[in-house]
Amino acid sequence: MYFPSKGADNTEATVRLVCETARERNIRHIVVASNYGDTARHFLDMAKERHIVCVTHACGFAGPGKNEMTPETRAELRAAGMDVLTTTHVLSGAERGLRRQFQGINPVEIMAQTLYLLGQGTKVCVEIAIMALDAGLVPYGEDILAVGGTGRGADTALILAPSHASTILQTKIREIICKPFDF
């Protein structure tokens, strides 16, 4: 599915496609980017039948010491059976800090920018899948669904087999379920 434009207006259609795909292909794990919890809430019903991992921005993304997801939202998602992961972003993290300090660019940021050629959501999907794998929240060697977006909401979904950050180039994007055509 190619959406004519990017953004949150595609969230409901993306969620529907992801749920259908998970059921049709018996994919047990879904990793969802959701900084405030709004996108993850769309998967509350699916959490009864599949393992959902909500990946948030790292603490400090919105400002020193700040976490965008409230403790109440985190508790709500966990009560529904979701795992909530807040950790350093695998495709930026420390490298972004070095770039800002020394005015250069590093290999991991080049990789992130290359993934942007397929849209921001594609980069997000790859990143959160690897983060969830490194946290031990999804199994190694198994295809999963990853859901990301451009800004807020969801507009991209991939089937992929993530590899650990230490072996990132072994990550395999199997299929693009949906993404914006014009990003």
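**Close-up 1. Strand β2 alongside β3.** In this predicted model, β2 (residues 29-33) and β3 (residues 51-56) run parallel and are joined by 5 bridges. Strands here are DSSP runs of E with at least two residues, numbered from the N terminus. Look for I30 in β2: its bridge partner in β3 is I52.

**Close-up 2. Strand β2 alongside β5.** Swing over to β5 (residues 144-148), which is parallel to β2 and tied to it by 3 bridges. Here V32 sits opposite V147 of β5.

**Close-up 3. Both faces of β2.** In a regular strand, side chains alternate between the two faces of the sheet. In β2, H29, V31 and A33 are buried on one side, and I30 and V32 are buried on the other. That makes 5 of 5 residues buried (under 20% relative accessible area, with a 1.4 Å probe and protein chains only).

**Close-up 4. The β6-β7 pair.** Strands β6 (residues 156-161) and β7 (residues 172-180) run antiparallel, with 5 bridges between them. One spot to check is L158, whose bridge partner in β7 is I176.

**Close-up 5. The whole sheet.** Put together, 7 strands make an open, mixed sheet in the order β1-β7-β6-β5-β2-β3-β4. Strands count as paired if DSSP finds at least two bridges between them. β1 (2-3) and β4 (83-86) are the edge strands with a single partner each, so one side of each has no neighbour in the sheet.

**Notes.** Residues are numbered from 1 along each chain as its sequence is written, and side-chain values use heavy atoms, leaving out hydrogens and water. Local features need pLDDT of at least 70, side-chain atom pairs count only at pLDDT 80 or more, and totals for chains, interfaces and linings use all residues.

How values were computed. Helix = DSSP H or I, 4+ residues; strand = E, 2+ residues; numbered from the N terminus. Buried < 20%, exposed > 50% of the residue type's maximum accessible area, 1.4 Å probe, protein only.
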